[in-house]
Amino acid sequence: MKAMKYIAGLVLCLMLAIPVKASEPQEAEKVDAKEIVFHHIQDAYEWHITSWGDKHFSLSLPIIVYSNESGWHCFSSAHLLHSEGETYEGFKIATEGDYEGKVVEVKANGEEVRPFDLSITKTVLSLFINCLVVIGVILYTARWYKRSSPESPAPKGFVGFMEMFIMMIEEDVIKSCVGKDYKKYSPYLLTAFFFIFVNNIMGLIPVFPGGGNVTGNIAVTVVLALCTFLAVNLFGTKEYWKEILWPEVPTWLKCPVPLMPAIELFGIFTKPFALMIRLFANIMAGHSIILALTSIVFVTAGMGAVISTSMTVVSVLFCIFMNCVEVLVAFIQAYVFTMLSAVFIGMSRAEAHHS
Amino acid sequence: MSLLVPDSGLLFWMLLSFGIVFFVLAKFGFPVITKMVEERKQYIDHSLIVAKEANEQLANIKAEGESILAKANEEQVRILKEAAEARERIVREAKEQARIEGDRMLAEVRRQIQAEKEDAIRDIRRQVAVLSVDIAEKVLRKNLDTDKEQMQMIDRMLDELTHVSKN
């Protein structure tokens, strides 16, 4: 019976390949997988939802720019995206050069200058959506707790799951890594965890409200790393600064030439920098791999029925596998970011050794 | 390289939105949840202690109850034994009394029968005496029809009497 099912599935796949073969002669243009991947990873002024034949369904997003000459401008991106190189209110989307794909201001002398760009781009919109999801989920959970007393039985269902999730991070990560005044830091660390986690997971959903590459974007991770940097260094104890500026090493390592202090000071910045790069690179790489694997279907579409069918099967299987891995990565990266932040904060709460 | 250059617009929006998310969640989200969970944990710990105490008390009460029950059982046995003894004693006494009474009544009856018997005997004697006198009279009357015989009789009797008195 099982073998029959497999054979039936294989036949079905082959039948699906026939229309592809039929349309083969019209497939003139080459599929540029690199272009697809980079187009997704980088930001866009519209949110392309789907295409049906020749029709494109996409969400035009507002462009908000500040020009030194003409002040603030706010208009829909649809004005710029009708055709390539179209100009609207003196702005256009650069097709080449340093600012390729970005909104630039065209000066009177033909020079292209990048204005101060606060556009609600695809990434910004998905950031907003994800923020609303995070706030919604957590406040929905918190509402249950506002309504109940310590005597009421433990919550069930979604709230119970969220409680378990939150307390797992609180108990296992924050409490054990930060140490005794973990309560002061736990709101920030929990926010960071759920913010990253929701953004990662939403990024894996391929259809409209999800699919944005938010945490795989350096501007996002730089803010998160900056927050950790501030949380670590603003509330550092005397002992922490002493360990940086005057560590317990042989005196010749710190007296004439401040070798160790220099290394330690450098370490202050490398730690959040590592956090930033790790999260950014992991998520970006995840998105790239899944897209590249999906692109296999289109790249091999023109190579004959057998190759394209078998490669389609391979691509789908690999995509399923990678998506599973990415779900894991989404959690692990949020976990690692939170844990390392907690560890750094814990180090900044160092107390004098009893020696 | 543009991948590694943070975009100013995104940076701004990220700062803003993360700031808002952090503010909202740190004020209304996580502390509410963690505080309540903490409180519940304390409540559960407290309840466990209270439950343990209650259990101990219950065990004490149980032991006490058992001892009371045992005592009551003992008491019951004792009372039953006493009751049985009392019953036996009463029955014995009653029997004794009944026997004595019976004896007494028997003796009375016997005495009465004796008395009656004696009465009857006396009566019979009297009757016999009267009858014998009557018979004797009748016999005598027949024998002493004549004067001569009467005289003979009187003489003999007198003789006899004198004879008796002489002896």
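In the predicted model, 32 residues of chain B are in contact with 39 residues of chain A. On the side of chain B that touches chain A, 23 of the residues are nonpolar, six are polar and three are charged.

Chain A itself is divided into two domains, with domain 1 spanning residues 62-117 and domain 2 spanning residues 122-348. The centres of domain 1 and domain 2 of chain A, taken over C-alpha atoms, are separated by 34 Å.

A hairpin is formed by strand E1 (residues 46-52) and strand E2 (residues 55-60) of chain A. The two strands pair in the antiparallel sense over six bridges, and A:Glu46 has A:Ser60 in E2(A) as its bridge partner. Two residues lie between E1(A) and E2(A), and A:Gly53 in this turn adopts a positive phi of about 70°. None of the six residues of E2(A) is buried, and the strand therefore lies largely in the open.Domain 1 of chain A covers residues 62-117, and strands E3 to E9 are described next. Strands E4, E3 and E9 of chain A are arranged in that order in an open sheet of three strands, with antiparallel pairing. The edges of this sheet are occupied by strand E4 (71-76) and strand E9 (116-117) of chain A, each of which pairs on one side only. Strand E3 (residues 62-67) of chain A runs antiparallel to E4(A), to which it is joined by six bridges. Within this pairing, A:Val65 is placed opposite A:His73 in E4(A).

A further open sheet, of four strands, has the order E5-E6-E7-E8 in chain A, again with antiparallel pairing. Strand E5 (87-88) and strand E8 (112-113) of chain A form the edges; each has a single partner strand, so one side of each is left without a neighbour in the sheet. Strands of a sheet pair through backbone hydrogen bonds, either parallel or antiparallel.

The pairings can be followed across the four-stranded sheet from E5(A) to E8(A). E5(A) and strand E6 (residues 91-93) of chain A are paired in the antiparallel sense over two bridges, with A:Thr87 standing opposite A:Lys92 in E6(A). Three bridges support the antiparallel pairing of E6(A) with strand E7 (residues 103-106) of chain A, where A:Phe91 has A:Glu105 in E7(A) as its bridge partner. E7(A) is in turn joined to E8(A) by two bridges, and these strands run antiparallel. A:Glu105 also appears in this pairing, standing opposite A:Val113 in E8(A). E7(A) and E8(A) form a hairpin with five residues between the strands, in which A:Gly110 takes a positive phi near 85°.

Helix packing was examined for helix H7 (residues 218-234) and helix H9 (residues 259-299) of chain A, which pack at an angle of about 150° with their axes 8 Å apart. The crossing of H7(A) past H9(A) is right-handed. The residues of H7(A) that meet H9(A) are A:Ile218, A:Thr221, A:Val222, A:Ala225, A:Leu226, A:Thr228, A:Phe229 and A:Asn233. Their counterparts in H9(A) are A:Ile268, A:Pro272, A:Phe273, A:Leu275, A:Met276, A:Leu279 and A:Phe280. Classified by residue type, the contact of H7(A) with H9(A) comprises 12 nonpolar and three polar residues, and no charged residues.

Terms used
Residues are numbered from 1 along each chain as its sequence is written. Chains are lettered from A and ligands numbered from 1 in the order in which they are written. This is a predicted model: local features need pLDDT of at least 70, side-chain atom pairs count only at pLDDT 80 or more; totals for chains, interfaces and linings use all residues. Domain bounds come from an automatic or database domain assignment. Two strands pair if DSSP finds at least two bridges between them. Two residues are in contact if their C-beta atoms, placed from the backbone, lie within 7 Å. Ala, Val, Leu, Ile, Met, Phe, Trp, Tyr, Cys and Pro count as nonpolar, Asp, Glu, Lys and Arg as charged, and the others, Gly among them, as polar. Axes are lines fitted to C-alpha atoms, for helices over the stretch in contact, and angles run from 0 to 180 degrees between N-to-C directions. A crossing is left-handed if the near helix is turned anticlockwise from the far one by less than a right angle, and right-handed if clockwise. A residue is buried if 20 or more other C-beta atoms lie within 10 Å of its own, exposed if 12 or fewer, and partly exposed in between; C-beta atoms are placed from the backbone.
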